[in-house]
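Subject: Structure handover

Hello,

Here is the structure I said I would pass on. Please open it next to this email and follow along.

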Amino acid sequence: VSGTVIASSGFSISQSLDVSGALSATAGTSTFTGTSTLNGTANLFNVTINGTSLILSASSVLGIANTFTISAGSLNVSSNKPNTVIFNGTGAQTVNAIIYHHLTLANGNTKTAAAGITVNGNLTINSSTTFNAGSYTHTLLGNWINNGTFAAGTSTVQMTGATNTSITGATTFNILTINKSTTSNVVALQN
């Protein structure tokens, strides 16, 4: 897709969605079947994986404005890093309990965890947006960036991995566990 495309109905991708311009969907379901790949930035409405996998390419961005459903297969964020999934609907959204590389919660309202989430990169809560963590254990290997609101509930946030990371933004955790791979790794508290 080159140029600007705005979709208002659903479509299916069975191999590759290459976006060099701007692709956004205002309605409908974008269904990825077989082994599909996303290259570039696609801001979609409803997203369904109903195949083997949806592979996010390096530097790709998958924006989801409404629901994200995995009927069959998986979201592959590990083969080509970095990549980002953004839950960017103006309404309340459920954040799937899967593995993400970078995860951004944006565009206002509340984004609620369906269960425990793993983020291999950074987790970002944008301004005017609330992340409701529920009663689950969430694992973060990158930076915690809170420019919005974190509703901790009875959740646990685990900061793990083998790199130095940081916590940015005023955040009150219910339980914060720091379990880095080596004793020389630090978690820095930013403003």
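What follows is a short account of what was found, starting with the sheets and ending with the aromatic rings.

Please keep in mind that this is a predicted model.

**Two open sheets**

As background, strands of a sheet pair through backbone hydrogen bonds, either parallel or antiparallel. One open sheet here has four strands in the order β12-β15-β18-β21, and the pairing is parallel. Its edges are β12 (93-95) and β21 (149-151); each has a single partner strand, so one side of each is left without a neighbour in the sheet. On average, neighbouring strands of this sheet are turned by 25° against each other, direction ignored.

Inside that sheet, strand β15 (residues 109-113) runs parallel to strand β18 (residues 129-132), and four bridges join them. To find one of these bridges, look for T112, whose partner in β18 is N132.

Another open sheet has five strands, ordered β13-β16-β19-β22-β24, again with parallel pairing. Here β13 (99-100) and β24 are at the edges with a single partner strand each, so each has one side without a neighbour in the sheet. Strand β16 (residues 118-119) and strand β19 (residues 137-140) run parallel and are joined by two bridges. In this pair, T118 stands opposite T139 of β19.

**Strand β7 and its partners**

Strand β7 (residues 41-44) pairs with strand β4 (residues 22-25) in the parallel sense, over two bridges. It also runs parallel to strand β9 (residues 61-64), to which four bridges join it. Opposite N43 of β7 stands S24, and A42 stands opposite L62 in β9.

Which residues of β7 are on its covered face, and which on its uncovered one? The covered face holds A42 and L44, while T41 and N43 make up the uncovered face.

**The loop between β2 and β3**

S14 is found in the loop between β2 (11-13) and β3 (16-18), and Q15 lies in that loop too. A residue counts as exposed when its relative accessible area is over 50%, and as partly exposed when the value lies between that and the 20% limit for buried residues. Q15, with a relative accessible area of 59%, is therefore exposed. S14, with 46%, is therefore partly exposed.

Leaving aside neighbours within four places in sequence, S14 is in contact with T33, G34, T35 and S36. On the same basis, Q15 touches T35, S36 and T37. Two distances, taken C-alpha to C-alpha, help to place the loop. S14 is 47 residues from V61 in sequence and 18 Å from V61 in space. Q15 and G73 are 58 residues apart in sequence and 14 Å apart in space.

S53, which lies in strand β8, also has G34, T35 and S36 among its contacts, along with S74, when neighbours within four places in sequence are left aside. Is S53 buried or exposed? Its relative accessible area is 10%, so S53 is buried.

**The nonpolar core**

In soluble globular proteins, nonpolar side chains tend to be buried together. The largest nonpolar core in this model has 41 residues, and those that touch the most other members are L62, F87, L103, F131, W144 and F150. Strand β8 (residues 46-56) gives the most to this core, with four residues.

F150 is worth finding on your screen. Not counting residues up to four places away in sequence, F150 touches I125, F131, A133, W144, S155, V157, T171, T172 and F173. With a relative accessible area of 11%, F150 is buried.

**Aromatic rings**

How many aromatic pairs are there? The count comes to five. In one of them, the rings of F150 and F173 have their centres 5.6 Å apart and their planes at 55°, so the pair is tilted. F150 lies in strand β21 and F173 in the loop between β23 (165-168) and β24 (175-180), so the pair ties together parts that are 23 residues apart in sequence. F173 counts as buried, at 18% relative accessibility. F150 and F173 also belong to one aromatic cluster, together with F131 and W144.

Regards

How values were computed:
Residues are numbered from 1 along each chain as its sequence is written. This is a predicted model: local features need pLDDT of at least 70, side-chain atom pairs count only at pLDDT 80 or more; totals for chains, interfaces and linings use all residues. Side-chain values use heavy atoms; hydrogens and water are left out. Two strands pair if DSSP finds at least two bridges between them. Axes are lines fitted to C-alpha atoms, for helices over the stretch in contact, and angles run from 0 to 180 degrees between N-to-C directions. Buried means under 20% relative accessible area, exposed over 50%, partly exposed in between (1.4 Å probe, protein chains only). Contact means heavy atoms within 4.5 Å. A nonpolar core is a set of buried Ala, Val, Leu, Ile, Met, Phe, Trp, Tyr and Cys residues joined through side-chain atoms within 4.5 Å. Rings of Phe, Tyr and Trp (its six-membered ring) pair if their centres lie within 6.5 Å; planes under 30 degrees apart count as stacked, over 60 as edge-to-face and the rest as tilted.
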